[in-house]
Amino acid sequence: MSSLTLIWVVALVLIGAALTWMTGLIVARFIKESRSNTRSAERKLIIQALSGLLRGQAEAVGALSPFVRRPQVLAEAILDFQGLIRGADQERAMVALRNLGLIEALEERILHGSRDERLTSVEALAALGGEEVKAALRRAIRSKDPNVRMAAVKGLADAGAPPTPSRLLDYAGSGELAPSRIYAEVMRQAVASAPAEGLQALGRQDLTPLMRAMLLDALGRSGAYEAVPALAAAASDPDPDVRTAAVRGLGRLQHPAAAETLAKALVDQAWPVRSAAAEAVGAAGLGRLASMLAPLLDDPEWWVRFRAGDALGRLGKAGRGLLEAAAADDARPIAQRAAERALAEGA
Amino acid sequence: MPELETLALAVVRFAETIAWAVIATGLAQNALYLYQLLLAARALSQAPPVNQAALLWRRYAEAAPPITLMAPAYNEALTIVESVRSLLALQYPHFEVVVVNDGSKDETLQVLIDAFELHTVERHYDLAAPCQRIRGLYAAANQPRLLVVDKENGGKADALNAAINLSRSPIVCSMDADSLLEVDALLRAVAPFVEDPERTVAVGGTIRIANGCKISFGRVVEVGVPRNMLARLQTIEYLRAFLMARLAWSRISTLTIISGAFGLFRRQAVLDVGGYSHGTVGEDMELVVKLHKHYRRLRKPYRVAFTPEPVCWTEAPETMAVLSRQRARWHRGALETFFRHRDMILNPRYGRIGVVGFGHILVVDVLGPIIEIFGYVLIPAFWLLGVLDIEYLWALLAVTFGFGIVISVGALALEETELRRFPNARSLAVLMGAAILENFGYRQINNFWRLRGTWQFLTGAQGWGKMTRKGFSSQP
């Protein structure tokens, strides 16, 4: 074959491949359109049957049972349906679905479905509720798919049975769960349901600064005052992110015992810590620290100035007096502007 | 006559060299596109898009960080109220809309004041990113999510900087005032910030052509194929650019552009690089390159992500005159960024972004149009002089076109397999026709426009040129 012929063959193969691909896509679209119509009709049937369950129609169970063999479409419909109802109605429908053997069917899809199916199945599983489901979700944490693992952990947390804080830290440490914002949310739920275990976990030596900060954040949001000493201790950690999380946590707990720690944090080297401390002082209403906030009105970092002004505005008469004094002080133009804006925003 | 023979031989060799250079560039570009297609296909198969908005809400709403939507407006009095209403109706747990009236000469500010019953407010802000003087801030008691900034004119980059200064959210979203966002755009685009909060600094989203779509109250309610051929060709082009190229480059951490029509950024990261740069028409690309440079220099792990789902719709030009200005401007913007950061070109200090990202701009944007135009002019000339073999020329052209069609069909296949937003098989067939047609004339003329952009860059031309839009209200 001459080189010229070869080039022509390559060209024709490319053009032929493109045309075949196009034809294939159009044919596939026709098939998908037909399947999509069927699927929409099935979903409608499922929603009708679920509504029938709520009205106590016995035949609704029979209408749902064929779909247990095709759990994906049922899973999608459950997730749609779950958003529409709450309380006893939801529980009644979910009990009926559990009794149909849906848990086993969904678990099978978690193991063998496509990526999309695995994730939808674990989310639908979580929606079913009940002790059996919790056990199935715990099994799903062992999935190879990180998204399924996270969805399973989140499902457990939403069902009021999150893994312990220490276990969650293990998952992150081993790379089984990524330290995402969803993970942080689950950690908050875990610590809120077992603050003592959260405190204990804080003593672990294997925590990265990021994990320590997440745990401190969760302790701060838990509302557990016994966390104040631990948070105060963490406010002098060498890592600025850890210190910031600790100070924010103290701000959320709003406990007067944190005043000394917050006073130190107001003059921290790292501006996020100073900013968090100013916010915390305002949130906790620690009027006796007002005089320490005033100098922060001309801090080099805008966020610190803003938080200090905002906090002074929250500290009642004393804070407001300091703001008015700063606003009248021409010798400190940056503080003056910060105070003026704080007064204007607060007004 | 040995001198004549030597001269003829030299001409033939020169002609052959030019021809081979053109062919090699074409094949290199096509090979690059093929690589992008494979990367994009892999990315889509590993993280298929979520079709149901309710699922997105369930997965991300609780952990979603607050976002400030930044909408710069210049002389948008006719459309701004509808655009803002549409933005305020987005589905996202915590967001605010900062509209920046960039010194409009029309009634943009007044119509906003009247429509939303705005009154002047004070807000503490820092001039961390450079911007023109802010004349006033406006808010409404019944619309707590809305803040309107009135400032002196300074251009889009300047307006965005003002919005960043005013924002108090950790994430800011840049957009055009006339962009149409999907109702769940923020929820879709925020996913990388939720899943990888430590590293993610920016997220780009897929922009699609709204021509031919049914639009109601600032939303695309029914996707359609444009009736205008030029817009139809751009539909294929956008699919290739967003669904293939940008997704592929984000996959290997070399994405150098996030469209100005829609992009999410970590606010502090934008401030760390000084905000948007003035004096360039490619401020969107420039910002992303600055972020890469900053984090590479600090050796801090970071991520510029991309979401393949369509999050934003834009009106494509339907006349050659407007399209040519737009493309010349885009090209000028790319060249401005490329040469402003020339120290990054093929510089291993910047890792893949210097070698692959900037290497790609060099081959495709800087050299590509010049070499291709050389080819279009010189090859026929050499053929007329009888120094090139026409049979080889036709065969190689056929290979180039074949490649081009495969790539375009591939991009369409990605859309069809993973997103399937076009309504029926007929629209798919129409777009496939466009995928073939664009290789015969459209691509070539695009190159001329890009060359014009190169000329504007070399002669230091400024400004955006007149961008005429039909407006969405006239869409079918």
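Here's a quick briefing on chain A, its contact with chain B, and the core residues. Keep in mind that this is a predicted model. Chain A is built from 20 helices with zero strands, and its radius of gyration is 29 Å, where a compact globule of 347 residues would sit near 20 Å. On the other side of the contact, H13(B) gives the most to the side of chain B that touches chain A, with 13 residues.

**Chain A overall**

- The C-alpha atoms of chain A fill a box of roughly 80 × 70 × 45 Å along the principal axes.
- The domain assignment splits chain A into domain 1 (41-158), domain 2 (162-206) and domain 3 (223-347).
- Between domain 1 of chain A and domain 3 of chain A, the C-alpha centres are 48 Å apart.
- Of the 347 residues in chain A, 44% count as buried.
- Take the contacts in chain A between residues at least 6 apart in sequence: 66% of them join residues at least 24 apart.

**Helix H18 of chain A**

- Helix H18 of chain A covers residues 302-314, and its end C-alpha atoms are 18 Å apart; that agrees with expectation, because 13 residues at 1.5 Å a residue should span 18 Å.
- The buried residues of H18(A) run from A:Val304, A:Arg305, A:Phe306 and A:Arg307 through A:Ala308, A:Gly309 and A:Asp310 to A:Ala311 and A:Leu312.
- Covering those buried residues are, among others, helix H16 (271-284), helix H17 (290-293), helix H19 (316-327) and helix H20 (333-346) of chain A.
- Just after H18(A) comes A:Gly316, with a positive phi of about 70°.

**Where chain B meets chain A**

- The contact brings together 34 residues of chain B and 37 residues of chain A.
- On the chain B side, the elements giving two or more residues are helix H2 (53-60), helix H7 (191-195), H13 and helix H14 (425-458).
- By type, the residues on that side of chain B come to 21 nonpolar, three polar and 10 charged.

**The largest nonpolar core**

- The largest nonpolar core has 234 residues, and the members touching the most others are A:Leu262, A:Leu293, B:Met70 and B:Val190.
- Helix H13 of chain B (residues 390-419) supplies the largest share of this core, 12 residues.
- Leaving out residues up to four places away in sequence, B:Val190 touches B:Tyr60, B:Ala64, B:Ile67 and B:Leu264.
- As background, nonpolar side chains tend to be buried together in soluble globular proteins.

Technical notes: Residues numbered from 1 in each chain as written. Chains lettered and ligands numbered in written order. Core = buried A, V, L, I, M, F, W, Y, C linked by C-beta atoms within 7 Å. Buried ≥ 20, exposed ≤ 12 C-beta atoms within 10 Å, placed from the backbone. Helix = DSSP H or I, 4+ residues; strand = E, 2+ residues; numbered from the N terminus. Contact = placed C-beta atoms within 7 Å. Expected span 1.5 Å × (residues − 1). Domains from an automatic or database assignment. Rg over C-alpha atoms; globule rule 2.2 N^0.38 Å. Nonpolar A, V, L, I, M, F, W, Y, C, P; charged D, E, K, R; others polar.
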